[in-house]
Each structure stands twice: as structure tokens, then as C-alpha cells.
Amino acid sequence: MNIHEYQAKEVLKKYGVPVLKNGVARTPQEAEKVAKSLGGGVCVVKAQVHAGGRGKAGGVQLVKSPAEVKQVAGTLLGKNLVTIQSGPEGKPVSTLLVEEGCNIHKEFYVSLLLDRGRGQLAFMVSSEGGVEIEKLAVEQPEKILTVYINTQFGFLNYQKAELARFLTQQKELQAKLISLFAKLYEAFIHNDCSLLELNPLVQTKDSLFIALDAKMGFDDNALFRHKDLAELRDLEQENKMEVEARKYGLSYIALDGNIACMVNGAGLAMATMDIIKLHGGAPANFLDVGGSATTEAVTEAFKIILSDSKVNAILVNIFGGIMKCDVVASGIIGALQNVSLSVPLVVRLEGTNVELGKKMLNEAPFAIMTATGMEEAAKKVTDAVKQTSARGRTQEISAGKV
């Protein structure tokens, strides 16, 4: 789960991380009022969206008066901000952060994230703040230092000192950075974060360090321990299909392909996506319905899948262990009675009562293709997509569109 910049700064303030004076606005009038409360001078208006690259997209603007703040707010609120990370549809802007100006001397990049490959936390710093860190990592990797933290031992003093020395040679500034890094680590651990990023962390001309921007992401599986954080979730910023899936206990992640997958078990879901790719297809989603999905949940899963305009075919791949294959088949048939199936459907069942399950599917009044193994299922669904694409191409040629 991600939260907005203004929310992240409120969390960080609790741990002593310095931030600028600011206020939140949801109307142009509120934005003007916040600007006046900040002194009426130079301030920055920031669109609050869950996507990086706001500045280049016009979502971060420096303004010089409350009247100008009101004008800028009017142009941002209610629109979709398209950034390099938002996708072509953009992210809706319903909230603005209005923040006082800052006398910046130097910008740094600081982040703390979970490195799943190492099973450790990665603390990254760079003297090049306010830039695309991914691009910097490729073009100038020597400007980034990463220290890996074993949480069994904690964030050790020599590691904090190493990071601080990488950013500055001034002892006084190093001491301030060491203190700041310790606060960031505490905030990360206490809140079960998956990401904490300050880009940039700025050094003012008064030699103060301030989090000019802040991004925080949290482990969804730990949110039961943080009711206050869970309440900060902005569903408008999330994929609508993923939000809908959570209501029914479905694990759904949208992808860029055109073959929808409905599987029970995360491991089997990953294997299903792999074999689709192996046969030249592209998965449209990760969807784990779990080991005891009800007919209602399967129906909703179909509705979610079919609401994705990119989907050209569906592969249902179920291993009937806890949930028997005939029960699965009954759930699929029941679900199809409540949805309009407009794309090819391939179902592969294996496990307890598999023959009965297949018989039920074959006798159902729906166009269902059954498969015996994963190889056959993947081949059938990818072939179905190719045939559908070929028919569509022929129709376009006949209609004179090509």
C-alpha cells in the first residue's frame, strides 16, 4: 500500500524527520487559504498522486502569491495527471499539498527498501537528488552507495557513518545525517514499510536537512498491525480491478497482456503465467482465487477479468485438492450464468473428482474448452488468441480500415 506525500510527511514528523510547513487543499479556495497561512510568499503547489515524475508533468509548480496558488490549483484539481510512471490514463488529482518555499543549497537522494533477493534492507544514498534514480544507476552508478542491513543486528553505527561520509566530508553535517538516517530506519521498521524514499532530501543554506519530498509504501500483509495507516489508503489512486478483487478475498494484480488467468494458489498462478509466455502468449493478470473459493467469488473473478478490455481469452487452471474439481466446475458454470462470456475460455482441472468436473463442463451450455495438462491448456488458449486476432484483422481489411 502506498500513501501520498503529505501523509508520508505526517508519519515522518512523528519520528523527528524535518519537513517544511505545509497544508492540504481540495479546492482552489482552500489552497489560497493555506498559502496565506504560510505567509503569502513563495510556495510550491504539489499534486498528490501515486506516481513519480510529477514535476515534469506539471504536477509540481512554484508560485509567488496566494492568488497564483488559487489559479494553479484550479488547473490541477479534477484532472488526470499523466507522468512517466502513471500510465497513459494518468492518476486523478483530488488533493494538493501547498508547501512553503525553501532556500536550497544542495539536493540528495535517500531511500530505504526491502531487497527480497538478499533478504535484507537496502539503504541507498546519492549526492544527485531530484533525479530519476533508475537512470542514474545505469549511467553513473558510482554516484550511488548502497548499504545492506541485516535486521537481526539492526542498523549499525559504522553503516550510518559510511553513508554520511559518502554524501559530505564535513563532520558537522555527517553528524546530522547520521541522526537523520537513524530516524528513517526507525520509521521504516516500526511501520512495516516496503519503501521509504526522500527525493530530494535537501540541505538548506543554513545547513539544515529537510525532507523536501517523501514517498512511503507498506507491506499489505502487515496492515492489520497498523489500523491508522490502513485508513490512509486512497482507493482512487489504485487499479480499480485490484480494489474490487480485494472485496472478495481475491489476490489480483493487473498486467499488460491479453490472456486472463484464474488459478488457485500463488505458485500455480506463477507457473501458469510462465507457460503462457513459453507458448508466445502474454498474461493479462495474476489472479489467485484461493483454495476454497465460492461460486460468488468465482463469479466476481470472471466479472473483473471481463472488465479488462485487453482480455482476448481466459485460462482457468485449477488443482482440486481442498476444493474438489466437481465443486470447481459447479462454481464456473454458476459464474457463467451471471456474466456475458465474450472471449474464448479454456479450463484445465486436475485433482479429486477431475473426471466428474470435466463432464460437467463439457455438458454445460457454454463454449468451454477443456484441457488435460498445463501444456495443452496453454497451447489451446494461445491458439485461441491468435485465431481471434486473425479474425479481427480480416474484418478490418474487409471493412477497409487497413
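**Charges, cores and one helix residue**

In this predicted model, the 45 positive and 45 negative charges of the protein have mean positions that lie 3 Å apart.

Turning to confidence, the mean pLDDT of the protein is 90, and 95% of its residues reach 70 or more. The exception to keep in mind while looking at the model is residues 393-400, over which the pLDDT is below 50; beyond near neighbours in sequence, this stretch makes four contacts in the model.

As for the overall architecture, the protein contains 13 helices and 18 strands, and its C-alpha trace spans about 75 × 55 × 40 Å along the principal axes. Of the 402 residues in the protein, 47% are buried, while the surface that the protein exposes amounts to about 19500 Å², with carbon and sulfur atoms supplying 51% of that area. When the contacts with a separation of 6 or more are considered, 66% of them join residues that are 24 or more positions apart in the sequence.

The interior can be followed through its nonpolar cores. The largest nonpolar core has 39 residues, and the members that touch the most other members are Leu-12, Phe-123, Phe-181, Leu-184, Leu-196, Leu-198 and Met-216. Helix α6, which covers residues 171-190, provides the largest share of this core, namely eight residues. To see how one of these residues is surrounded, the reader may look at Leu-184, which, once its neighbours within four places in sequence are set aside, is in contact with Leu-12, Val-17, Val-110, Leu-112, Phe-123, Leu-196 and Leu-198. Separate from this core there is a second one, made up of 35 residues, and among its members are Ala-301, Ile-314, Leu-349 and Val-354.

A last stop is a residue in another helix. Glu-30 belongs to helix α2, which runs over residues 28-37. Is Glu-30 buried or exposed? Its relative accessible area is 37%, and because buried means under 20% and exposed means over 50%, Glu-30 falls in between and counts as partly exposed. Apart from residues up to four places away in sequence, Glu-30 touches Val-24 and Ala-25. Glu-30 can also be placed relative to Val-69, from which it is separated by 39 residues in sequence and, from C-alpha to C-alpha, by 9.8 Å in space.

Notes
Residues numbered from 1 in each chain as written. Predicted model: local features only at pLDDT ≥ 70, side-chain atom pairs only at ≥ 80, totals over all residues. Heavy atoms only, no water. Helix = DSSP H or I, 4+ residues; strand = E, 2+ residues; numbered from the N terminus. Buried < 20%, exposed > 50% of the residue type's maximum accessible area, 1.4 Å probe, protein only. Contact = heavy atoms within 4.5 Å. Areas by Shrake-Rupley, 256 points an atom, 1.4 Å probe, with all protein chains shown as cover. Lys, Arg positive; Asp, Glu negative; His and termini not counted. Charge placed at Lys NZ, Arg CZ, Asp CG, Glu CD. pLDDT = per-residue confidence, 0-100. Core = buried A, V, L, I, M, F, W, Y, C linked by side-chain atoms within 4.5 Å.
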